Amino acid sequence: MAAARFQIFCLRGAVTWRFMSANNRSLGRAVRGFADVEACLAAVRELRAQLACATCVTMRDGPRHWVWRVRLADVDKAVSSRRYERRVQAANSCSSFVELVHDAGEIDVAQLVRFP
């Protein structure tokens, strides 16, 4: 059975991660890119290790949309993969993201995806 998971991918030379739902929808992603796979994996491990201290922040993205960010020590670590029409939807999505990340298994490095 499919489960929510991290996916490491390389796009135009930058390595980053996104968190995928069980039905293969991107729920959240890294705020920035990383120099290599090891740095990206370290960032994911840090996020997971400090998740209990994370703060979900919702903010406007234009006049009619909302997004969420996960912050650790006032530094954004993850951002929503999509925009929401209502603030409560963004807040609920962030809470779900945190819960799913907490329950996710270890990262499978074999899941590294390369895009041209």
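These are my notebook entries on a helix, a core, a set of salt bridges and a few single residues, all looked up in a predicted model.

**Entry 1: helix α1**

I began with helix α1, which runs over residues 37-49 and has 13 residues. From its first C-alpha to its last the helix reaches 18 Å, close to the 18 Å expected at 1.5 Å a residue. I then asked which residues of α1 are buried, and found Val 37, Cys 40, Leu 41, Ala 43, Val 44 and Leu 47. Looking down the axis of α1, I noted that its buried residues fall within an arc of 155 degrees, so they line one face of the helix. The general background is that an α-helix has 3.6 residues a turn, so residues three or four places apart point the same way.

On the face of α1 turned away from the buried side I noted the exposed residues Glu 38 and Ala 49. What covers the buried residues of α1? The cover includes the strands β1 (5-11), β2 (14-20), β5 (66-72) and β6 (75-80).

At the N-terminal end of α1 I looked for a cap and found Asp 36, which has a side-chain oxygen 3.4 Å from the backbone nitrogen of Glu 38. Val 37, which lies in α1, has a relative accessible area of 16% and is therefore buried, since the cut-off for that class is under 20%. I also took the C-alpha distance from Val 37 to Phe 9, which is 8.5 Å, although these two residues are 28 apart in sequence.

**Entry 2: the largest nonpolar core**

Next I looked up the largest nonpolar core, which has 28 residues. Those with the most contacts inside this core are Phe 6, Ile 8, Trp 17, Phe 19 and Phe 97. I traced where the core residues come from, and β1, β2, α1, β5 and α2 (87-103) each supply at least two of them. Helix α1 gives the most to this core, with six residues.

**Entry 3: Ser 80 in strand β6**

I then turned to Ser 80, whose place is in strand β6. With a relative accessible area of 5%, Ser 80 is buried. Where does its side chain find a polar partner? A polar atom of the Ser 80 side chain lies 3.0 Å from the backbone oxygen of Arg 82. Leaving aside residues up to four places away in sequence, I recorded that Ser 80 touches Leu 27, Gly 28, Arg 29, Val 67 and Trp 68.

**Entry 4: salt bridges**

How many salt bridges does a search of the whole structure find? It finds four. As general background, side chains of opposite charge can pair when their charged atoms come close.

I looked first at Arg 83 and Asp 61, which form a salt bridge with their closest N and O atoms 3.7 Å apart. This pair links distant parts of the chain, with Arg 83 in the loop between β6 and α2, and Asp 61 in the loop between β4 (55-60) and β5, 22 residues apart. Both partners came out as partly exposed, Arg 83 with a relative accessible area of 43% and Asp 61 at 31%.

I then followed Asp 76, which meets Arg 69 in a salt bridge of 3.3 Å, N to O, and forms another with Arg 71, where the closest N and O atoms are 2.5 Å apart. Arg 69, Arg 71 and Asp 76 are thus linked in a network of salt bridges. For accessibility I noted that Asp 76 is partly exposed at 23%, as are Arg 69 at 22% and Arg 71 at 27%.

**Entry 5: loop residues**

In the loop between β5 and β6 I checked the backbone angles of Ala 73 and Asp 74. The general expectation is that most residues other than glycine have a negative phi. Ala 73, however, has a positive phi of about 50 degrees, and Asp 74 has a positive phi near 65 degrees. Ala 73 is exposed, with a relative accessible area of 74%, and Asp 74 also counts as exposed, at 74%.

Last, I looked up Gly 105, which lies in the loop between α2 and β7 (113-115). At 46% relative accessibility Gly 105 counts as partly exposed. Its C-alpha is 17 Å from that of Ser 26, and the two residues are 79 apart in sequence.

How values were computed: Residues are numbered from 1 along each chain as its sequence is written. This is a predicted model: local features need pLDDT of at least 70, side-chain atom pairs count only at pLDDT 80 or more; totals for chains, interfaces and linings use all residues. Side-chain values use heavy atoms; hydrogens and water are left out. Helices (H or I, at least four residues) and strands (E, at least two) are DSSP runs, numbered from the N terminus. The expected span of a helix is 1.5 Å times one less than its number of residues. Buried means under 20% relative accessible area, exposed over 50%, partly exposed in between (1.4 Å probe, protein chains only). The arc is that of the directions from the helix axis to the C-beta atoms. Contact means heavy atoms within 4.5 Å. A polar contact is a pair of N or O atoms within 3.5 Å; within protein, one must be able to donate a hydrogen and the other to accept it, and residues adjacent in sequence count only if both atoms are side-chain atoms. A nonpolar core is a set of buried Ala, Val, Leu, Ile, Met, Phe, Trp, Tyr and Cys residues joined through side-chain atoms within 4.5 Å. A salt bridge is a side-chain nitrogen of Lys or Arg within 4 Å of a carboxyl oxygen of Asp or Glu.
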